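Subject: Structure for you to look at

Hi,

Here is the structure I promised to pass on. Have a look at it first, and then read my notes below.

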Amino acid sequence: MSNEMKMEFDAISANESFARVAVAAFVSELDPTLEEISDIKTAVSEAVTNAVIHGYDGTNHGKVYLRCRVDKDVVHIEISDNGRGIEDVEKAMEPLFTTKPELNRSGMGFPFMEAFMDDLEVISKPGEGTKVLMKKKIGCIPWIEDEE
């Protein structure tokens, strides 16, 4: 079974919660656990926030693009922007690194995405934008065997 959805929305902070809920509703067909839903919502939140705050510098002059695909028991999420891009992706993915310390940004966006998802890839070009690709397998919690 495969299913896909795409959406775009204005790069404003208010749409971060909209994206979280939209993805959570979309993946509900897989009957995820509350923990799996929470992990996905957190990762989506961090990626959208990065697009708004860092991609467009919080100017509200841009769009965030969200694509979500369910393929069997794996959720594929792509969040992208056409903003300023990232100079050094490897450096940006380091815990506590931020280009916006004046906004009290913690620098934990990418580390959280990496921790809560099974796979994370960040593709970016300065001046052209950023694409965050994430995957999560649903239902990978091992079954506990009944003792007899």
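Let's start with helix 2, where 16 of the 22 residues are buried, so this helix is largely enclosed by the rest of the structure. Keep in mind as you read that this is a predicted model.

**The whole chain**

The chain has 4 helices and 5 strands. If you walk along the sequence, they come in the order β-α-α-β-β-α-α-β-β. There are 148 residues, and 45% of them count as buried. The accessible surface adds up to about 8700 Å², with 50% of it belonging to carbon and sulfur atoms. Now take the contacts between residues at least 6 apart in sequence: 64% of these join residues at least 24 apart.

**Helices 1 and 2**

Back to helix 2, which covers residues 34–55. You can check its length yourself: at 1.5 Å a residue, its 22 residues should span 32 Å, and the end C-alpha atoms are 30 Å apart, which agrees. Helix 1 (residues 15–27) passes a similar check. Its 13 residues reach 19 Å from first C-alpha to last, close to the 18 Å expected.

How do the two helices sit against each other? Two packed helices are described by the angle between their axes and the distance between the axes. Here the axes of helix 1 and helix 2 come within 9 Å and cross at roughly 145°. The crossing is right-handed. On the helix 1 side, the contact is made by Glu16, Ala19, Arg20, Val23, Ala24 and Val27. Helix 2 brings Ile37, Ile40, Lys41, Thr42, Val44, Ser45, Val48 and Thr49.

Try looking at the spacing of those residues with this in mind: an α-helix has 3.6 residues a turn, so residues three or four places apart point the same way.

Which residues of helix 1 are buried? They are Asn15, Glu16, Ala19, Ala22, Val23, Ala24, Phe26 and Val27. Besides helix 2, these buried residues pack against strand 1 (2–10), strand 2 and strand 3.

**Strand 5 and what it touches**

Strand 5 runs over residues 129–137, and Thr130 is part of it. Thr130 is buried, with a relative accessible area of 11%. Its side chain makes a polar contact of 2.8 Å with the side chain of Ser124. Leaving out neighbours within four places in sequence, Thr130 is in contact with Ile79, Ser80, Asp81, Gly85, Ile86, Val122, Ile123 and Ser124.

Val132 is in strand 5 too. Is Val132 buried or exposed? At 5% relative accessibility, Val132 counts as buried, because the cut-off for buried is under 20%. Leaving out residues up to four places away, Val132 touches Ala47, Ile77, Glu78, Ile79, Phe110, Met113, Leu120, Glu121 and Val122. Val132 and Val48 make a nice pair to find on screen: they are 84 residues apart in sequence, yet their C-alpha atoms are 9.5 Å apart in space.

Glu121, one of the residues that Val132 touches, lies in strand 4 (residues 119–125). Glu121 is partly exposed, with a relative accessible area of 41%. The C-alpha atoms of Glu121 and Val132 are separated by 5.9 Å, although the two residues are 11 apart along the chain. Not counting residues up to four places away, Glu121 touches Lys131, Val132 and Leu133.

**A buried histidine**

Next, go to strand 3 (residues 74–81) and find His76. His76 counts as buried, at 17% relative accessibility. Apart from neighbours within four places in sequence, His76 is in contact with Arg67, Cys68, Arg69, Asp71, Met134 and Lys135.

**Some positive phi angles**

Most residues other than glycine have a negative phi, and here are some that don't. Asp31 has a phi near 55°. This residue is in the loop between helix 1 and helix 2, and at 66% relative accessibility Asp31 counts as exposed. Asp57, which comes after helix 2, also has a positive phi, near 55°. Then there is Lys72, with a phi near 60°. Lys72 is in the loop between strand 2 (63–71) and strand 3, and counts as exposed at 60% relative accessibility.

Have fun exploring, and write back if anything is unclear.

Cheers

Technical notes. Residues are numbered from 1 along each chain as its sequence is written. This is a predicted model: local features need pLDDT of at least 70, side-chain atom pairs count only at pLDDT 80 or more; totals for chains, interfaces and linings use all residues. Side-chain values use heavy atoms; hydrogens and water are left out. Helices (H or I, at least four residues) and strands (E, at least two) are DSSP runs, numbered from the N terminus. The expected span of a helix is 1.5 Å times one less than its number of residues. Buried means under 20% relative accessible area, exposed over 50%, partly exposed in between (1.4 Å probe, protein chains only). Contact means heavy atoms within 4.5 Å. Accessible areas come from the Shrake-Rupley method with a 1.4 Å probe; for residues, only the protein chains shown count as cover. A polar contact is a pair of N or O atoms within 3.5 Å; within protein, one must be able to donate a hydrogen and the other to accept it, and residues adjacent in sequence count only if both atoms are side-chain atoms. Axes are lines fitted to C-alpha atoms, for helices over the stretch in contact, and angles run from 0 to 180 degrees between N-to-C directions. A crossing is left-handed if the near helix is turned anticlockwise from the far one by less than a right angle, and right-handed if clockwise.
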